Each structure stands twice: as C-alpha cells, then as structure tokens.
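Q: I'm new to reading protein structures and would love a slow, close look at this one. Could you start with the rings that pair up and then work outward to what surrounds the rest of the chain?

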Amino acid sequence: MTKEETLLINQIDDKRMQCEDQYCLTHTAFLDVHQCAIAENEFKYSKHILYGGYDDAERRVMVFLPDYLDDIDDSPLEILRVSVPKGSKALTHRDYLGSILSLGIDRNVTGDIIVRSNGADIIILKTMEEFLLSHYDQAGHVHLKTEIKPIEELDLGEIHTSIKHDTIASARLDNIVGSAFNLSRTKAQDAITAGLVFVDNIQCTKPDKEIEENTKVVLRGKGKIILKNIGQKTKKDRLPVELEIYK
C-alpha cells in the first residue's frame, strides 16, 4: 500500500470514529473509483454507504451511519447548476473541471460533472456552496450563471451510447476490456493487473474473471461499457458479444 493510500485510509477512519464517538452521520470528501474500491475493502464491516448523488455516479463520498440510521437522512451533497448564455461555445467536462480547479480548490470537494448543451450540473459538497457561488463565474472564457439546487433535482441530461458487436474467445475480463477499448490482450491484462479496471464499481485485478451479461466495466481514464448480451458460440468457437459503450 502506498503512502497516499495509507493517508487516505487514516482520513476515512477519522470519519468512522467521529461517527461512533458523536453518534451522528459523518462523511468523507469525494473519492474516485480507485479510492472507493480501497475504502470499500478497508471498511467493509462498518455501517456505511458510498454515495455520489445518483446510482451510476463514479465519484462518491463514504457516509458513515450511526446505529439509529439505516439511510442518509440529510444529504451532504447538492448541485451547482451552471448555465451558459445562448450562442456561447460548447463547453466540455475538461472546461468545467479546469476552471473549478483554477480557483485553488481540491478535486475532492466536487463529484461528477454532468455536461449538457446549455450548461452543466456539478455535484458538490454543501460546504462549498458559498465559495463557488461567489467565485465560480467563468469557464473557457465563457461567463457562467450559477445557482444551487438540491441533489434530488439532478439533471442527468441525455446519455449518449453506442452499440458494438464483436466476437471474442471467451467472456473473460481481459477479452471484454480489449474489445471494448480497442486494446491488445496484453495491454488489457496490464491495465487490469495495474488496478485500472472496475467491475460493477469493484476493482478487479484478475484478467481471467468471467463477466456476465448486464455487467458494468470501467477502464479508468478511458470510459465505461455495459456487457449487454452474450450469444452462442460460433462454428469457429468464438463468442458473440454486444457492448454498450458510453461516450
């Protein structure tokens, strides 16, 4: 385990102990997919929820629950809703993220950024509301209008996907990753063993893991796919698969 991972675990454990000592809900800052996997493994016996504002969120906070709570009664998250003027150039995820980080704040106070043609919904910690409303007014040389909305009003917009049909040797994880992200089997295996691949939000380092239909696979830094369908083997002993690729 690296020094950064050890520090992360210690910081999360502080929140766990605070929950136990003060008998109240506590939460971490936002964790990326890799950090979520570490936290889930380390604190699997504690009462907690990984929560990012919506079911498919990649960046999440770990929320520790006291005994009297079975769910989050008061969300620590909210939405910074960003609107751009009509006729402005289209802004990308990189534009929004870069302009936020340029304010001198850490990435771990913001969650997923849902980009739309007319703006974006940026999931944030409630503690950042005042600062961002006061200072976040421009991205990519475009002036922004911002307002705060409750997390329940999150607008996921239109999700763009494409379907890829392919044939692979078997439904092993390395074959799925290679097909989905156009990688050689060797590079797919390297990515998996390096801890860059997540299966249904759980880090998987076993290239030979068998993947079932409707499983989500994420390659960190490259994207996300769903294995939608596995067909019957062909005469050439190949396995037809249907992959839904998120853009």
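**From ring pairs to sheets**

A: Let's begin with the rings. If we pair aromatic rings whose centres lie within 6.5 Å, the count in this predicted model comes to two aromatic pairs. Take the pair formed by Phe43 and Phe64: the ring centres are 5.9 Å apart and the planes meet at 75°, so this pair is edge-to-face. The angle that matters here is 60 degrees, because planes over that count as edge-to-face. Now look at where the two rings come from. Phe43 belongs to the loop between α2 (33–42) and β2 (48–51), while Phe64 is part of strand β3 (residues 61–64), so the pair ties together parts that are 21 residues apart in sequence. How covered are they? Buried means under 20% relative accessible area. Phe43 has 6% relative accessibility, so Phe43 counts as buried. Phe64, at 1%, counts as buried too.

Rings can also have a charge for company. The charged end of Lys224 sits over the ring of Tyr246, 4.3 Å from the ring's centre.

Next, the charges that meet other charges. Side chains of opposite charge can pair when their charged atoms come close. Searching the whole structure turns up 15 salt bridges. One of them joins the side chains of Asp13 and Arg16, with 2.5 Å from N to O. Asp13 and Arg16 are both in helix α1 (residues 3–22), three residues apart, which is about one turn of the helix. That spacing fits a handy rule: an α-helix has 3.6 residues a turn, so residues three or four places apart point the same way. Asp13 has 21% relative accessibility, so Asp13 counts as partly exposed.

Now compare that with a pair from elsewhere in the chain. Asp121 forms a salt bridge with Arg81, and their closest N and O atoms are 2.8 Å apart. Asp121 sits in strand β6 and Arg81 in strand β4, 40 residues apart, and the pair links these distant parts of the chain. Asp121 and Arg81 are both buried. There's a network here, too: salt bridges link Arg81, Arg116, Asp121 and Asp155.

To place those charges, look at the sheet around them. Four strands make an open sheet in the order β5-β6-β4-β9, and the pairing is antiparallel. β5 (110–116) and β9 (145–150) are the edge strands, each with a single partner strand, so one side of each is left without a neighbour in the sheet. On average, neighbouring strands of this sheet are turned by 20° against each other, ignoring direction. Let's zoom in on one pairing: β5 and strand β6 (residues 119–125) run antiparallel over five bridges. Arg116, which we just met in the network, stands opposite Gly119 in β6. Helix α3 (residues 93–101) packs on the sheet, touching β4 (77–83), β5 and β6, and its direction makes about 140° with that of β5.

Further along the chain, Arg172 forms a salt bridge with Asp174, with the closest N and O atoms 2.6 Å apart. Both Arg172 and Asp174 are buried. Asp174 is also one of the buried residues of α5, listed with Leu173, Ile176 and Phe181 among others. In fact helix α5 (residues 173–181) is mostly covered, with nine of its nine residues buried. What does the covering? It includes β10 (161–168), α6 (185–193), β11 (197–199), β13 (215–219), β14 (223–230) and β15 (239–246). Just after α5, Asn182 takes a positive phi of about 55°.

Several of those covering strands turn up again in another sheet. This open sheet has six strands in the order β10-β15-β14-β13-β11-β12, paired antiparallel. β10 and β12 (202–203) are at the edges with a single partner strand each, so one side of each has no neighbour in the sheet. Strands of a sheet pair through backbone hydrogen bonds, either parallel or antiparallel. Here β10 and β15 pair antiparallel over eight bridges. To trace that pairing by eye, find Lys164, whose bridge partner in β15 is Leu243. Then find Asp166, whose bridge partner in β15 is Val241. β15 also pairs with β14, in the antiparallel sense over six bridges. Over there, Ile225 has Ile245 in β15 as its bridge partner.

How values were computed:
Residues numbered from 1 in each chain as written. Predicted model: local features only at pLDDT ≥ 70, side-chain atom pairs only at ≥ 80, totals over all residues. Heavy atoms only, no water. Phe/Tyr/Trp six-rings, centres within 6.5 Å; stacked < 30°, edge-to-face > 60°. Helix = DSSP H or I, 4+ residues; strand = E, 2+ residues; numbered from the N terminus. Buried < 20%, exposed > 50% of the residue type's maximum accessible area, 1.4 Å probe, protein only. Lys NZ or Arg CZ within 6 Å of the ring centre and 35° of its normal. Pairing = 2+ DSSP bridges. Axes fitted to C-alpha atoms, helices over the stretch in contact; angles between N-to-C directions. Contact = heavy atoms within 4.5 Å. Salt bridge = Lys/Arg side-chain N within 4 Å of Asp/Glu carboxyl O.
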